[in-house]
Amino acid sequence: MKQRLFFLRRALACATLLTAAAFTACGSDDDDPPADASLVLVPSATTVKTGEQVTFTVTDNGADVTARSQIFDLTTGDVLTGAFSTQKPGSYQFAAIYDNRTSPSVTVTVQSSTATTDAYFRHVLVLKFTGTWCTYCPNMTSALETVEEAYPGRMIIMAMHSGDSYEVGEQAALANTFKVTGLPTSVFDYRETSSYSVALLKAKVKRSLNEFPAVCGVALASRTEGGKVKIDATVRFQQTGDYKICCAVTEDGIHAPGTSGSRDGYYHHVTRAFATSASGDDIGNRTAGEEYKRSFEIEADDAWALDKCHVVVYVFDKQPGENTVYYVNNAATCPVDGSADFAYEPTE
């Protein structure tokens, strides 16, 4: 995928040059340059049905540059000439190019509008414990990006910072719960931890998908209003049991130059605030077929770039046995001014 984006960028740059000599100077077949976090691509929705349209907004340091940008479907290699729409279910990744810079990619999940399956699409929640001072933390970032390529659209990442200005109050309690003794460490579904070994990270995702299928689905609608992020969540249950729910806001593209915790001074998925307890609010026993609605509000800090923020809502289910143990069963995310519909496993 990175190689495909490299050639798309190269072709775009070279198309403006008029001489053979200039064409030769366009570049070699080196790896694609890293994404520029100041360039942000935001889809109107992250989960849609076949035939539904998704539009995109591109901002450069907060300024709208959509009309002057190129948006690429990295899955097919196509350049979008309007809204994205397809009749083929699957996960599609997109990136924007503006001023010869590339945005971080975003994923849009397309579900069949005629699907007969009622299995909800399983998102794996990943808490990435990190810090701007952490020398080895870029290794975790790179490893998770590799896992994302193997399991596109499956992971929802929340970066829990420690020992820097992005630390939130819940971080210490969560680190203690999961016995996080060193950074970087990732926690999958509040269930188990992992180092930045790609093989180990892939194994954790695979286990979550194979052994712990979704027994609930989550839909979101979010908006900013009066300095607050307002979220309406709907959960549908396929299995009777005891559940909890959690809601948070994360931010991408936070620039902290001169730090060692990232490859380029930009930090993504940074957890900014929780609307609930970080261990989840108890919503009691729910029956199969039931629909549960819950609204949340989070006060937006002036330091947040809201156009780079996302809402994350995840649901825990109680595990069988004598102990009161809950693990994350499913999650959903969308921009703070956006939505995510119920997502289902593809039938193909």
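Which exposed residues does the face of α5 turned away from its buried side carry? That face carries Ala199 and Asn210. The structure discussed here is a predicted model.

## Overall make-up

The protein contains five helices and 24 strands. It has 348 residues, of which 52% count as buried. Among contacts with a separation of 6 or more, 69% are between residues 24 or more positions apart.

The exposed area of the protein is about 15,500 Å². Carbon and sulfur atoms supply 48% of that area.

## Helix α5

Helix α5 covers residues 198–211, which makes 14 residues. From the first C-alpha to the last it reaches 20 Å, close to the 20 Å expected at 1.5 Å a residue. Its buried residues are Leu201, Lys204, Val205, Ser208 and Leu209. Seen down the helix axis, these buried residues fall within an arc of 125°, so they line one face of α5. Ala199 and Asn210, both exposed, sit on the face turned away from that buried side.

Several elements help to cover the buried residues of α5. Among them are the helix α3 (137–150) and the strands β10 (124–130) and β11 (155–161). The cover also includes β12 (185–188) and β13 (192–194).

## Tyr151 and its contacts with α5

Tyr151 lies in the loop between α3 and β11. Its relative accessible area is 22%, so it counts as partly exposed, the cut-off for buried being under 20%.

Leaving aside residues up to four places away in sequence, Tyr151 touches Lys202, Val205, Lys206 and Leu209. Two of these, Val205 and Leu209, are listed with the buried residues of α5. Tyr151 and Lys206 are 55 residues apart along the chain, and their C-alpha atoms are separated by 8.7 Å.

## Strands β10 and β11, with helix α3

All seven residues of β11 are buried, so this strand is largely enclosed by the rest of the structure. Burial applies to both faces of β11. One side has Met155, Ile157, Ala159 and His161, and the other has Ile156, Met158 and Met160. Strands β10 and β11 run parallel and are joined by seven bridges. In one pairing, Leu127 has Met158 of β11 as its bridge partner. Between the two strands the chain passes through α3, and the resulting β-α-β crossover is right-handed.

Helix α3 has 14 residues and reaches 21 Å from its first C-alpha to its last, close to the 20 Å expected at 1.5 Å a residue. The buried residues of α3 are Cys137, Pro138, Met140, Thr141, Ala143, Leu144, Val147 and Glu148. Helix α3 is also part of what covers the buried residues of α5.

## The sheet β1-β3-β4

Three strands form an open sheet with antiparallel pairing, in the order β1-β3-β4. The edge strands are β1 (39–43) and β4 (63–64), each of which pairs on one side only.

Strand β3 (residues 56–60) runs antiparallel to β4, and two bridges join them. Thr59 stands opposite Asp64 of β4.

Conventions: Residues numbered from 1 in each chain as written. Predicted model: local features only at pLDDT ≥ 70, side-chain atom pairs only at ≥ 80, totals over all residues. Heavy atoms only, no water. Helix = DSSP H or I, 4+ residues; strand = E, 2+ residues; numbered from the N terminus. Expected span 1.5 Å × (residues − 1). Buried < 20%, exposed > 50% of the residue type's maximum accessible area, 1.4 Å probe, protein only. Arc of directions from axis to C-beta. Contact = heavy atoms within 4.5 Å. Pairing = 2+ DSSP bridges. Right-handed = clockwise from strand over helix to strand, strands pointing away. Areas by Shrake-Rupley, 256 points an atom, 1.4 Å probe, with all protein chains shown as cover.
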